[in-house]
Amino acid sequence: MLYHSDQHRPDYFPPILGNGQMSLTPNCEGSVDFLPADFPDLFSVPSGRIFRPGRRLISRRPSEIPINLISFGAIECSWMEKPLSWQQELKEEEGMIESRCQYPGGAEIQSRCFIHPHFPLYAMEKKILQGEGVLSFRYTLKGYDAESQAAIFATHFRRFAGGGQLSFDLRGQDRYQGEVILFLDAPCQITREKDGVLLSCPVRQGDCVHCYLALQDDLDTDDPHKENQKIKALVRRAGFSGLLRETCAAWQAYFAQGYVRTGDETADWIYRVGLYHLKCWTTKWSIPVGLNDASWHGRFFAFDEYYSFLALLGANRLDLARRVPAFRLQGLPIALRRASSRGQNQAHYPWETTEYGLEGARDGFWKKHVFHMAVIAQGAYEYFEHTQDRDFLAACYPMIRGCAEFYTRHMIYTDESGRIFAGRCTDLERLGGSVENPLFTSCGIIRTLECLAGAAGILNVDADYRRECLRLAAGLRQSLPMEEGRYVPHLGCRQKSIAVFTPKFPFHVIPGREEALLRAWDDYIEQEQQYGNMYAVGGHVSPWYACWKAAGFARAGMGQRAYEALRQSYESIGVFGEMFEINEPEKRYRPWFTTAAGVFLSTVNEMLLQSDGENIEILPAWPEEMQHAAFKLSAKGGAIVEARIENGRLIHLQLSMQPGLPPRKFRICFRGEFLEERLAD
């Protein structure tokens with residue numbers, strides 16, 4: 001998407017670059033050196049700093065979230081004057097940002113920048129289209145506030161041909177030592193500055209200058225200097241064009257793993273940007289809401305990461321999706337220690353998890369959430385459904401059981417009448433704390449117990465506990481809160497809540513189109529302008545709530561209503577097709593919000609393709625009037641489904657199995673009608 005500065009959109013925020021190791025947001029000149037105050041129309045926006053996952057300081061302020069990201073500094077790339085006008089384009093399928101700036105006096109400069117897919121390396125090209133003068137490239141090791149500034153120290157500086165090397169010492173929850181190198185491929189003046197380096201390069205029309213910034217620390221490698229030397233040698237050997245070819249090839253391979261083309265250009269654009277977004281911020285641990293200081297400092301919410309996981313799973317990015325259950329499995333010992341005593345194995349995962357599996361949230365009623373164990377168990381089981389990886393399911397089984405045991409020991413009660421129900425907890429935060437038998441959490445518990453039963457059956461273990469879980473799940477179904485013939489968030493609830501969609505999404509514990517559920521949905525929608533945000537702000541429906549609603553309709557096979565809800569989310573996208581947490585006048589929160597992007601992707605996936613391991617439904621919830629579509633997506637049972645629909649007819653269908661799986665047959669349905677049995681091989 002190409003954005004022009006003369007559009008003056010109040011929701012403009014720079015596009016992201018990232019490779020899971022390094023994240024930054026370059027402006028029109030390629031600079032990453034700004035503060036949230038520079039965007040007065042936006043709230044909770046990242047600082048213009050370089051961030052890396054897993055590197056954290058420990059806040060000493062009682063009001064602050066305790067474990068925050070360390071800043072890895074800023075880079076300023078500037079001409080002699082500020083631009084008069086500019087344009088900026090995110091080329092998501094190439095992993096690159098391209099921009100053009102016009103300056104006083106007629107100077108014009110084109111920039112291209114990217115992060116290499118395999119290294120913490122930021123590369124930039126400056127092409128002088130008009131004018132002559134001096135280009136400046138300044139790196140400064142600095143924080144985004146006083147506390148983050150106090151944690152970083154420059155320790156040593158050395159010049160080399162074309163640039164400078166700055167060693168650093170970052171002191172947080174661990175001590176991180178490493179170095180940054182900044183260098184050009186053109187003659188330049190090298191100036192050491194306090195905590196930084198300045199490279200100044202005289203240029204004239206037709207010149208092309210390339211700038212490189214590489215970061216290494218001892219969390220990456222035992223020898224940061226040696227690794228930076230390897231990166232520098234790679235740059236010298238490949239040059240900017242070679243590195244860009246490698247980057248484009250990596251992104252093209254990623255996009256080739258699966259695709260969606262619906263005929264709705266806006267939906268397709270948001271989908272592509274969402275895929276790009278999730279890839280940028282999928283770390284070697286898991287997927288945070290954002291990899292910056294504004295998005296809970298890149299801590300991991302099991303609830304939020306599940307939606308990104310589900311998106312990648314359905315979009316056939318199984319390698320990235322696997323990182324989510326693998327991360328939760330890695331954190332199982334800590335989760336067990338938090339809730340278990342002798343003879344017990346209850347897994348109580350942190351609400352905000354650090355890379356070490358520890359709690360990162362400050363104290364508050366949100367720590368009384370328990371539904372996040374449900375998406376942890378469900379995600380591990382759904383990964384098996386899509387991959388048929390029995391070994392990984394067996395590895396994850398103690399985690400699924402630990403989540404189930406937390407519920408069966410800690411959360412499920414039986415009263416004198418024999419009614420089985422969920423105890424008090426914090427459900428969705430907008431409903432407040434200490435809610436008894438809430439709909440959302442209860443559906444999550446049911447789904448967890450059924451995932452346990454499914455996994456135990458496949459692995460042929462825990463026969464007695466499996467039966468107990470199925471008994472309790474059936475009892476909980478009978479006591480889901482209902483008033484006046486419709487499901488409610490909890491008995492006596494005076495609010496309306498997106499929670500009424502939970503029996504379909506994300507937990508799908510009520511089959512078909514039960515009248516009490518449809519009545520609950522309509523009741524919520526009547527007042528969703530008031531209740532359509534996670535917070536009690538604004539007068540609109542946030543994009544991830546719109547998609548949550550669309551996903552519910554999709555699983556109910558209600559294509560027209562699913563599409564109408566999906567289109568609601570379009571109103572909240574940013575200038576590059578990115579999702580915000582909230583984007584409405586005077587209430588613009590958190591651009592580049594992975595939760596919303598993940599829900600959008602997974603919703604589109606399920607509108608086009610649904611499966612249960614035996615049956616594959618093509619266009620189960622796509623509007624009848626939409627006559628053209630094509631996709632390549634992952635299905636349960638281990639199949640990859642590639643289909644093309646033209647003029648309302650299925651004209652191409654190819655089924656293949658995930659690598660390493662044997663051929664098998666599936667029943668194929670198209671728009672609700674059985675077509676045939678087809679072998680996937």
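The exercises below work through strands, cores, one loop residue and the cysteines of a predicted model.

In this predicted model, local features need pLDDT of at least 70 and side-chain atom pairs count only at pLDDT 80 or more, while totals for chains, interfaces and linings use all residues. Residues are numbered from 1 along each chain as its sequence is written, and side-chain values use heavy atoms, with hydrogens and water left out.

**Exercise 1. Determine which strands pair with strand 10, and whether strand 10 is enclosed or open.**

Step one is to fix the terms: strands (E, at least two residues) and helices (H or I, at least four residues) are DSSP runs numbered from the N terminus, and two strands pair if DSSP finds at least two bridges between them.
Step two takes strand 9 (residues 108–115), which is joined to strand 10 by eight bridges in an antiparallel arrangement; the two form a hairpin with five residues between them, and Ile 115 has Tyr 122 as its bridge partner in strand 10.
Step three turns to strand 17 (residues 208–217), which runs antiparallel to strand 10 and is joined to it by seven bridges, with Leu 213 of strand 17 as the bridge partner of Tyr 122.
Step four concerns burial, where buried means under 20% relative accessible area, exposed over 50%, and partly exposed in between (1.4 Å probe, protein chains only). Because seven of the ten residues of strand 10 (residues 121–130) are buried, this strand is largely enclosed by the rest of the structure.

**Exercise 2. Describe the open sheet that contains strand 18, and follow Phe 631 from this sheet into the largest nonpolar core.**

The sheet is made of four strands in the order 18-29-30-31, with antiparallel pairing. Strand 18 (259–261) and strand 31 (649–657) are its edges, and since each has a single partner strand, one side of each is left without a neighbour in the sheet.
Strand 18 pairs with strand 29 (residues 629–635) over three bridges in the antiparallel sense, and Val 260 stands opposite Phe 631 of strand 29.
The next step needs the definition of a nonpolar core, a set of buried Ala, Val, Leu, Ile, Met, Phe, Trp, Tyr and Cys residues joined through side-chain atoms within 4.5 Å. The largest one has 216 residues, of which Trp 548 and Phe 631 touch the most other members, and helix 10 (residues 439–459) gives the most to this core, with eleven residues.
Apart from this core lies another, of 16 residues, including Phe 114 and Phe 240.

**Exercise 3. Characterise the surroundings of Thr 502.**

Thr 502 lies in the loop between strand 24 (486–487) and helix 12 (515–526), and its relative accessible area of 0% is why Thr 502 counts as buried.
Its side chain reaches the backbone oxygen of Ala 499 at 2.7 Å.
Neighbours within four places in sequence aside, Thr 502 is in contact (heavy atoms within 4.5 Å) with Phe 440, Cys 443, Phe 507, His 508 and Trp 548.

**Exercise 4. Decide how many disulfides the model contains, using Cys 208 and Cys 451 as examples.**

A disulfide is a pair of cysteine sulfur atoms within 2.5 Å, and by this rule the count is zero.
For Cys 208, which is partly exposed at 33% relative accessible area, the closest cysteine sulfur belongs to Cys 201 and is 11 Å away, too far for a bond.
Cys 451 is buried at 0% relative accessibility, and its sulfur is 10 Å from the closest cysteine sulfur, that of Cys 403, so this pair is likewise too far apart for a bond.

How values were computed. Polar contact = N/O pair within 3.5 Å; in protein donor to acceptor, adjacent residues only side chain to side chain.
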